[in-house]
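Me: I'd like to go through this one slowly and ask how each label is earned. Can you show me the structure to start?

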Amino acid sequence: MRAVAKAQPNIALVKYWGKRDTRRNLPAVGSISITLSELYTLMSVELDPQLGADRLDVNGRDDADLLPRVSRCLDDVLGNSRTRARVASTTNFPVAAGLASSASAFAALVLAVTAAAGLSRDQGQLARVAGRASGSAARSLYGGFVELRNDGDDIAVASLLDGADWPLKVVIAITAAAPKPVGSGEAMEISRRTSPFYGRWVNEQDADLRAARRAICTRDFEKLATVAEHNCLKMHSVMWTSRPAVVYWNEATLACMQAIRQLQAEGVGVFFTIDAGPQVKAICLPEAEQAVCGTLAAVPGVTKTMISGLGSGAVLVDAA
Ligand code: DP6
């Protein structure tokens, strides 16, 4: 009746932005991500017939805000007349600051509750349930380079390449630790309704996915860098041209991007990507890790840097 699962956040290189079905939380576009190794969420789920309501503890504190979303995800796995659960999660990185904490949280939650209830589900089924809770969570069930695509009236997720086969590094520059001003789900809807660039964004996504897939399969870092930066800037252009504008960047975000452009000009194998928050993620070749980390740590406004390799996806760490 109790299980603990561990999942890592993932970082999209070709981004998910926009929903084609809000009720089932289906994405408007496919996406490609890398799963990290060093950052993680540990999620414990205990099904307790004595409980009258679900309980949620995040990093040692009751979290009433996130509880309804967690309860809905538990309903999705177990049905509405289920046993209530005591859920506790811990993360080793700042939550709700554009570091995909919902991805690792819901991937781990779905895996843990399935095991706690003694159910058997394959990875694809787990990914579809996790995706209904948070689109990016579907990708965190898998390791290495991961593609999520729209498949009929649902999604299909698969690993494109093992991280060990192309061991890129990720340097994360934290430029602010405060929770983001607008959640990504709400911001996506604002973009869909109001950005004049939204339709173009959706229409061009398949071309970006094809280019990224090819670059990953041939381990072509420069091609991957080009398509990933372009796709990231396109997503942020959609955000910026929404009404009201959705701007997650701060001065340090931009300064980090410039520092990365400078490294590129010096021949260093690195590129940037940014999600729904002000943090900058620099993806680099293994030999560039120290140079990239040193450069970003020295950018004014950067409060912390973290380095990660590529991880192997969500796993069960304990079940009883
Ligand atoms: C910018 O997965 O957080 O990180 O499905 O509404 O929970 P919901 O959205 P979420 O959005 C992630 C957006 C992104 C890009 C990406 O990870 O692909």
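Me: Which backbone oxygen lies 2.7 Å from a polar atom of the side chain of Gln-205?

Reply: That's the backbone oxygen of Lys-15. Keep in mind that we're looking at a predicted model.

Me: What makes that pair a polar contact?

Reply: The cut-off is 3.5 Å. The Lys-15 oxygen and the Gln-205 side-chain atom are 2.7 Å apart, so the pair is within the limit.

Me: And why is Gln-205 called buried?

Reply: Buried means under 20% relative accessible area. Gln-205 has 1%, so it gets that name. You'll find Gln-205 in helix H5, and leaving out residues up to four places away in sequence, it touches Val-14, Lys-15, Val-29, Gly-30 and Asn-231.

Me: Why does Asn-150 count as partly exposed?

Reply: Partly exposed sits between the 20% and 50% cut-offs. Asn-150 comes out at 28% relative accessibility, so that's its label. This residue is part of strand E10, residues 145–151.

Me: How do you know that Asn-150 and Pro-27 come together, given that they are 123 residues apart along the chain?

Reply: Their C-alpha atoms are separated by 7.4 Å, and Pro-27 is on the list of residues that Asn-150 touches, along with Arg-20, Ala-28, Val-29, Gly-30 and Ile-155. There's a polar contact as well: the backbone oxygen of Pro-27 lies 3.1 Å from a polar atom of the Asn-150 side chain, and the cut-off is 3.5 Å.

Me: On to the ligand. Which side chains have an N or O atom at polar-contact distance from one of its oxygens?

Reply: Ser-136 at 2.6 Å, Tyr-16 at 2.7 Å and Arg-69 at 3.0 Å. Set each of those against 3.5 Å and they pass. On its own the ligand has 460 Å² of accessible area, and the protein covers 92% of that.

Me: What makes up the shell around the ligand?

Reply: The shell has six nonpolar, seven polar and five charged residues. Overall, 18 residues surround the ligand, with Tyr-16, Lys-19, Ser-134, Gly-135 and Ser-136 the closest. Helix H4 (residues 184–194) gives the largest share, three residues.

Me: Which residues touch the most other members of the largest nonpolar core?

Reply: Val-45, Val-87, Leu-109 and Val-157, out of 39 residues. Helix H2, residues 101–116, brings the largest share of this core, with ten. Another core, of 36 residues, lies apart from it, and Trp-17 and Val-280 are among its members.

Me: What makes Asn-59 and Arg-219 stand out in their phi angles?

Reply: Most residues other than glycine have a negative phi. Asn-59 isn't a glycine, yet its phi is positive, about 50 degrees. Arg-219 isn't a glycine either, and its phi is also positive at about 50 degrees. Asn-59 is in the loop between strands E7 and E8, while Arg-219 is in the loop between helices H5 and H6.

Me: Why do Asn-59 and Arg-219 count as partly exposed?

Reply: Asn-59 has a relative accessible area of 37%, and Arg-219 has 37% too. That value falls between 20% and 50%, so partly exposed is the right term for both.

Me: Last one: where is the cis peptide bond from Arg-243?

Reply: It runs from Arg-243 to Pro-244, with omega near -5 degrees. Pro-244 lies in the loop between helices H6 and H7. Most peptide bonds are trans.

Technical notes: Residues are numbered from 1 along each chain as its sequence is written. This is a predicted model: local features need pLDDT of at least 70, side-chain atom pairs count only at pLDDT 80 or more; totals for chains, interfaces and linings use all residues. Side-chain values use heavy atoms; hydrogens and water are left out. A residue is near a molecule or strand if one of its heavy atoms lies within 4 Å of it. A polar contact is a pair of N or O atoms within 3.5 Å; within protein, one must be able to donate a hydrogen and the other to accept it, and residues adjacent in sequence count only if both atoms are side-chain atoms. Accessible areas come from the Shrake-Rupley method with a 1.4 Å probe; for residues, only the protein chains shown count as cover. Helices (H or I, at least four residues) and strands (E, at least two) are DSSP runs, numbered from the N terminus. Ala, Val, Leu, Ile, Met, Phe, Trp, Tyr, Cys and Pro count as nonpolar, Asp, Glu, Lys and Arg as charged, and the others, Gly among them, as polar. A nonpolar core is a set of buried Ala, Val, Leu, Ile, Met, Phe, Trp, Tyr and Cys residues joined through side-chain atoms within 4.5 Å. Buried means under 20% relative accessible area, exposed over 50%, partly exposed in between (1.4 Å probe, protein chains only). Contact means heavy atoms within 4.5 Å.
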